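Here are some questions about how the labels used for a structure are earned. Look at the sequence and the model, then follow the answers.

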Amino acid sequence: MLEEQVKYLAAARNLDSLFYTCQKREQEHLFVLKKKPDGRWLDKKTANWHYVLYEPDKLPVQGWKIHLSATVKQAQGMLDAVAPRLIEQGISFKFQASLERLIMANSKYADRGESGKFITIYPRDEAEFAGLLPKLRQLTAAFALGPYILSDQNWQESNVYFRYGGFKPVYMTTAAGEQVPAIYDPAGNKLEDQRLPYYQQPDFVADLPIFARNTFPKQAAFVPLKKYQIQEALHFSNAGGVYLALHEGKKVVLKEGRQQAGLDAKLRDGFARVENEAKILRQLADLPGVVTCLGDFTSWRHHFLVEEFIDGQSLEELLAADFPFVLADIGKRNRYKARAIKILQQLKKIIAQVHARGIGIGDLSLSNILVTQEDTVRLIDLENAGGASEKYTPGLTTVGFVNPAARTFAEADDFALMRIAYYLFLPIIPVADLAPGIISKHEKWIAAYFGQDTVTFLREIANTTRSSAPIFLKKPLAIPAKELSQQTVADFASGLSRGILRHLHFDRLALVPNLLDENTDPFVQLNLEHGAAGILWAIDQNADLRNWVASQQAEILELAQATKALGLFNGISGLAGVLEKRDFPDLAKQLRQLLYQKVDLASADNSLATGLSGIALSLLKDDPDLSGKIAENLLARWRQVDFNKFADEDVGLLTGWGGVSYLFWRLGQKEAAEEILLRILREHAKGTDELAITDQSRGFERLIPYLENGTFGLALLMHKFMREDPAFRQKDQLLFDKLKKSCMTYCTYMETLISGYSGVLPLAKALADDGDTAMLDYALAALNQYLVANDDEILAPGKYGYKLSLDFSTGSAGLLTLLKDLRQGDEFSWLLV
């Protein structure tokens with residue numbers, strides 16, 4: 001999740017755009033080749049890599065590859081030393097395209113399995129590989145050691161690393177529908193080419209004789225660490241791990257800082273920040289609200305901070321477990337309110353004490369505030385701390401809790417405290433960073449739920465803070481002039497339509513401004529989820545959109561021929577369905593012909609969004625026999641499910657077995673559909689008076705209300721079953737009522753259709769059709785907490801809320817579709833199939 005957030009943060013930094021883009025915000029500092037290759041070479045630059053490939057057609061598909069690690073300051077020098085030798089010998093390689101990309105690859109929340117790789121070298125065979133290892137060690141010996149490459153084996157304690165993996169782009173599709181890099185085993189079967197944060201060699205690959213000449217660090221380097229017995233890892237980042245350990249029989253926490261890895265905005269590595277934290281904690285040693293430092297030491301290339309073990313949970317964990325998201329539980333609401341105010345009062349006092357010592361925390365957020373079982377508040381993770389009156393130039397920040405206008409570390413802490421306080425009573429994306437005026441709406445929403453006294457308390461905290469400045473926009477946005485309600489749905493639909501149409505790129509294939517980098521399937525530009533199909537589905541009868549389709553037909557077919565994405569949301573199925581409904585039957589027919597050629601009945605992806613369930617529904621009208629075959633395969637898989645492990649299965653409407661249930665219902669196989677849905681609810685739904693889907697993948701239990709994989713989607717499916725089958729209604733009405741209660745939700749983190757508050761609208765609309773408008777009225781009012789305005793345009797924040805989004809799954813097109821769907825007559829008319 002953190003790696004995805006890093007990707008979105010990088011795409012949010014273009015201040016010239018309201019939307020996530022991969023365009024450069026400023027000119028990057030490109031690494032350059034000292035010696036240019038001749039015409040036998042492919043010399044190609046992409047956003048992330050500069051490829052220098054000798055006779056690329058002859059390059060092996062896979063083999064032993066070599067990676068060179070370099071420090072940020074010496075990277076160009078290493079390239080100057082190594083590249084000419086490789087070119088002289090006709091050895092293919094690639095290197096990070098720019099200094100900025102290298103820094104990002106080595107940043108704190110970068111992919112640990114990819115970090116440290118500056119130059120990648122592709123030997124033609126094992127003999128060339130074995131010969132290169134000592135030569136490259138010698139060539140790079142004068143350079144300081146770069147980040148340790150966790151996915152690789154190190155060669156003789158140098159900047160040279162190696163692993164067995166793919167050279168050419170080969171991919172496979174996982175059970176979740178994700179395209180991942182692959183290699184071939186000796187039988188020609190594809191296996192995932194995993195880049196893990198530890199060395200892993202494929203079973204079919206033997207060690208080479210040269211490996212016997214490898215050397216490793218002397219054990220004396222690890223003696224300080226051996227005094228501690230590691231019990232478990234509490235957290236990992238590219239900067240290092242946090243571990244629970246035993247020392248002389250007592251629990252302690254070890255925080256690790258890696259050299260040259262986990263870089264922050266000041267280019268400080270994890271090693272330096274852990275050293276800084278130890279120094280800061282010694283200055284705060286007698287403050288009871290701050291974690292106690294028990295010592296620090298260096299072991300090999302890592303620095304470790306030893307802290308007391310605090311038996312508690314972070315504010316992030318506490319909020320997920322205790323927040324009264326479900327409206328019906330008034331007792332939980334009152335208990336949470338009292339507890340949250342008590343926590344904030346303590347936190348405010350602790351911060352004042354830290355400031356009195358001349359220290360500013362610098363990156364205060366939910367994750368570095370612990371609360372014990374006795375509700376005592378303790379601060380941890382002060383690696384970013386500095387002087388309280390020092391100019392605020394943070395190395396690390398947490399979006400939503402940072403103010404670029406803060407002048408000092410103390411001012412930054414005061415702002416973070418204010419944002420934490422509001423977040424504890426309305427835990428949603430940082431919309432106020434986009435449109436500060438929305439805070440007044442948030443206060444009304446909080447007051448209606450927690451009482452006006454809560455808002456008074458929050459304002460007392462806010463009074464000490466400096467006004468914020470936009471982080472990812474040149475100027476702040478406004479909020480809609482009207483409130484969204486049943487009476488204003490048409491106004492908001494018009495505003496959303498204007499906001500979409502005015503920002504589309506009608507002059508290019510990439511119609512929708514969105515994330516698209518060199519590792520993304522270009523078909524994303526066209527699909528329902530993030531591309532043109534989602535816009536065409538949301539907005540009908542628009543001449544500009546029709547002209548765009550007519551002008552791009554050849555390019556559309558070209559991308560469709562190349563893609564492996566076939567699903568309803570991510571691929572050809574969805575685009576073909578939209579084009580047919582928007583009166584482009586010939587183009588839709590050609591796409592379906594491609595779909596017939598490409599569909600794989602053995603695909604491991606069962607889902608409605610990206611897999612076989614969605615494909616079967618999209619083909620139901622034109623080829624019911626093929627849809628039936630897919631259904632037979634899915635039923636056979638269902639019969640083979642190990643229900644002892646069913647808790648680990650994805651059961652979402654769009655992402656898992658819920659979609660299979662929907663397919664069976666549509667095919668008239670009601671017994672199988674009901675069996676799957678009821679099994680899902682029995683195994684995955686928790687609660688007594690209210691039933692909700694929960695998840696523990698982050699180490700703590702949290703509610704999953706969403707349409708794609710949570711309660712909204714399954715309740716919607718159940719409502720359809722009940723409406724169309726009176727016997728089912730009679731038998732399971734009580735179960736549905738419990739699900740419905742948990743869907744009456746105060747807020748969700750995001751607004752988006754698939755994983756946010758908008759996803760409850762289909763269920764709310766269905767209940768309104770039954771005569772119960774309570775959920776619809778509340779849901780429309782809740783959406784006012786997220787939406788922003790740009791003149792007469794209404795716009796929706798995208799995933800994580802750093803920027804806006806126009807697309808179907810995470811932006812304006814999805815909400816527009818659902819608002820228009822309020823006039824339709826079926827729970828699933830928004831779904832296309």
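Q: Which residues gather in a patch of negative charge on the surface?
A: In this predicted model, the patch consists of Asp642, Asp648, Glu649 and Asp650. Asp and Glu count as negative, which is why the patch is called negative.

Q: Why is Glu649 called partly exposed?
A: Its relative accessible area is 30%. Partly exposed covers the range between under 20%, which is buried, and over 50%, which is exposed, so Glu649 belongs in the middle class. Glu649 sits in the loop between helix H19 (624-639) and helix H20 (657-666).

Q: What makes up the largest nonpolar core, and which residues have the most contacts inside it?
A: The largest nonpolar core has 199 residues. Ile420, Phe569, Leu591, Tyr746, Trp830 and Leu831 have the most contacts inside it. Helix H8 (residues 409-425) gives the most to this core, namely ten residues. Another core lies apart from it and has 37 residues, including Ala70, Ile119, Leu136 and Phe162. In soluble globular proteins, nonpolar side chains tend to be buried together.

Q: How do you know that Arg419 forms a salt bridge with Asp433?
A: The closest N and O atoms of Arg419 and Asp433 are 2.9 Å apart. A salt bridge needs a side-chain nitrogen of Lys or Arg within 4 Å of a carboxyl oxygen of Asp or Glu, so the pair qualifies. Arg419 lies in helix H8 and Asp433 in helix H9 (residues 431-434), so the salt bridge ties together parts that are 14 residues apart in sequence. Both residues, Arg419 and Asp433, are buried.

Q: How many salt bridges does this rule give?
A: The count comes to 46 salt bridges. Side chains of opposite charge can pair when their charged atoms come close.

Q: What makes Arg459 and Glu443 a salt bridge?
A: Their closest N and O atoms are 2.8 Å apart, and the limit is 4 Å. Arg459 is in helix H11 (residues 452-462) and Glu443 is in helix H10 (residues 439-450), so the pair ties together parts that are 16 residues apart in sequence.

Q: Why does Arg459 count as partly exposed, and why is Glu443 called buried?
A: Arg459 has 40% relative accessibility, so it is partly exposed. Glu443 has a relative accessible area of 11%. Buried means under 20%, so Glu443 is buried.

Q: How do you know that Asp491 forms a salt bridge with Lys482?
A: The closest N and O atoms of this pair are 2.9 Å apart, and the rule asks for a distance within 4 Å. Asp491, with a relative accessible area of 36%, is partly exposed. Lys482 also counts as partly exposed, at 45% relative accessibility.

Q: Which residues do salt bridges that share partners join into one network?
A: The network joins Lys108, Lys255, Asp264, Arg268, Arg273, Glu277, Asp381 and Glu383.

Q: What is the phi of Asp375, and where is the place of this residue?
A: Phi of Asp375 is near 65°, a positive value in a residue other than glycine. Most residues other than glycine have a negative phi. Asp375 is in the loop between S18 and strand S19 (377-379). At 14% relative accessibility, Asp375 counts as buried.

Q: Why is Asp791 called exposed?
A: The relative accessible area of Asp791 is 75%. Exposed means over 50%, so Asp791 meets the cut-off. Asp791 lies in the loop between strand S24 (788-790) and strand S25 (793-797). Asp791 has a positive phi of about 60°, although it is not a glycine.

Q: Why is Ala789 called buried?
A: Ala789 has a relative accessible area of 6%. The cut-off is under 20%, so Ala789 is buried. Ala789 is found in strand S24. Ala789 and Ile479 are 310 residues apart in sequence and 4.8 Å apart in space, C-alpha to C-alpha.

Q: Why does Ala764 count as buried?
A: Its relative accessibility is 0%, so Ala764 counts as buried. Ala764 has its place in helix H24 (residues 761-769).

Terms used: Residues numbered from 1 in each chain as written. Predicted model: local features only at pLDDT ≥ 70, side-chain atom pairs only at ≥ 80, totals over all residues. Heavy atoms only, no water. Patch = residues over 30% accessible without salt bridge, like charges linked within 9 Å, V, L, I, M, F, W, Y side chains within 5 Å. Areas by Shrake-Rupley, 256 points an atom, 1.4 Å probe, with all protein chains shown as cover. Charge placed at Lys NZ, Arg CZ, Asp CG, Glu CD. Helix = DSSP H or I, 4+ residues; strand = E, 2+ residues; numbered from the N terminus. Buried < 20%, exposed > 50% of the residue type's maximum accessible area, 1.4 Å probe, protein only. Core = buried A, V, L, I, M, F, W, Y, C linked by side-chain atoms within 4.5 Å.
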